[in-house]
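Me: Pick one part of this model and take me through it closely. Then work outward from there, at whatever pace suits you.
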Amino acid sequence: MGSTSTSSSSKISCFQCEETSSSFDHFRNGWRLRSGEFAQLCPRCASIYEEGKFCEAFHSNDDGWRDCESCGKLVHCGCIVSFNAYLLLDFGGVICMECSRINFALARSRCLFLEGQPDITRQTVIEPQYRPRSSEMEVQQISRNFECVVTPLFEKLLSATDADLKLARLIIPKKCAEAFFPDISEPRGFLLKIQDTEGKDWDFNYRYWINGGSKMYILEGLRDFMISKRWQAGDTGGTHQLLPTLGVS
């Protein structure tokens, strides 16, 4: 890199490309140097810096590039130019400032949303095997994709019956169905429009039948969906693939 310097003829050079000019107004401030002053940049280098592409343009072959843990964008770490472009995560890795701001806004919206809603997850006792196990990062990614607050409610490990293409149905745990799905008064049920986590709409039939004096709730007509998602016994259905099992505001 070049440096801010003044020659005997009072010319100033760009910190990066060393373009010179006798007019101080020709340059713009870049990042703050350890001396406390700002690096002086020519219009071209200053524009690249202000667009946030300085390291991509001039440091692409340098060491220190790491993936943002949220979006996968490459971030140049350990460089004074990009010092304010990322945050270190408690569990290791880095996150770019754009994702950090988005995640903060989503987390705040989620808290405000939950404060204004009855806490159905506490009022409803869900069996341990159906409790959501999605990581905060996964939930934030889904929330960002849909630009809304998403709250996992339950998950289910798919049984061989759930993954059977001939049956093409999903049995919903009774307490989860009664807590999180629409009320249903007749066994034949009704058509339920569902959106998956990729934004595609699906039409399933939601109904129940009586088994041993108790209601058993199911979603039917899942064949195309199961093929699309390549469902297998042992996979996790619910939070990772369907939004009816999610609280969305």
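Reply: Let's start with the largest pocket, where 23 residues make up the lining and Gly52, Val81, Ser82, Asn84 and Ala85 lie nearest the centre. (A pocket is an open set of points on a 1 Å grid where a 1.4 Å probe fits, with protein on both sides within 12 Å along at least five of seven lines; lining residues have an atom within 4 Å of a point.) This is a predicted model, where local features need pLDDT of at least 70 and side-chain atom pairs need 80 or more, while totals for chains, interfaces and linings use all residues. Numbering runs from 1 along each chain as its sequence is written, and side-chain values use heavy atoms, without hydrogens or water.

The volume of the largest pocket comes to about 520 Å³, counted as the space filled by probe spheres set on the points. Its lining breaks down into 13 nonpolar, four polar and six charged residues, with Gly counted as polar and Tyr as nonpolar. As for who supplies the lining, strand S3 (28–32), helix H2 (54–58), strand S6 (74–76) and helix H3 (97–115) each put in at least two residues. (Those are DSSP runs: at least four residues for a helix, at least two for a strand.)

Strand S3 also takes us into the aromatics, since Trp31 lies in it. Searching the whole structure turns up 13 aromatic pairs. One of them is Phe15 with Trp31, an edge-to-face pair with 5.5 Å between the centres and 90 degrees between the planes. (Ring centres must lie within 6.5 Å; planes under 30 degrees apart are stacked, over 60 edge-to-face, the rest tilted.) Phe15 sits in the loop between strand S1 (12–13) and strand S2 (20–21), so its pairing with Trp31 in S3 ties together parts that are 16 residues apart in sequence. Both partners are tucked away: Phe15 is buried at 12% relative accessible area, and Trp31 is buried at 4%. (Buried is under 20%, exposed over 50%, partly exposed in between, with a 1.4 Å probe and protein chains only.) The ring pairs carry on, linking Phe15, Trp31, Tyr49, Phe54 and Phe58 into a cluster.

While we're at that loop between S1 and S2, have a look at Glu18, which lies there too. Its phi is near 65 degrees, a positive value in a residue other than glycine. With 49% relative accessible area, Glu18 is partly exposed.

On to the loop between S6 and strand S7 (86–88), where you'll find Ile80. Ile80 is partly exposed, with a relative accessible area of 42%. Its C-alpha is 8.4 Å from that of Arg32, although 48 residues separate the two in sequence.

Further along the chain comes strand S10 (155–157), home to Lys156 and to Leu157. These two residues fall into opposite classes. Lys156 counts as buried at 13% relative accessibility, whereas Leu157 counts as exposed at 56%. What does the side chain of Lys156 reach? The backbone oxygen of Ile171, at 2.6 Å. Leu157, for its part, is 75 residues from Gln232 in sequence, with 9.8 Å between their C-alphas.

After S10 there's a loop leading to strand S11 (169–172), and Ala168 lies in it. Like Glu18, which has a positive phi, Ala168 is not a glycine and has a positive phi, here about 50 degrees. Ala168 counts as buried, at 9% relative accessibility.

Last stop: Ser185, in the loop between helix H6 (174–180) and strand S12 (190–195). Ser185 is exposed, with a relative accessible area of 65%. It is 23 residues from Tyr208 in sequence and 9.2 Å away in space, C-alpha to C-alpha. Tyr208 has a charge over its ring: the charged end of Lys215 sits 4.5 Å from the ring centre. (That needs NZ of Lys or CZ of Arg within 6 Å of the centre and within 35 degrees of the ring normal.)

Conventions. Polar contact = N/O pair within 3.5 Å; in protein donor to acceptor, adjacent residues only side chain to side chain. Phe/Tyr/Trp six-rings, centres within 6.5 Å; stacked < 30°, edge-to-face > 60°.
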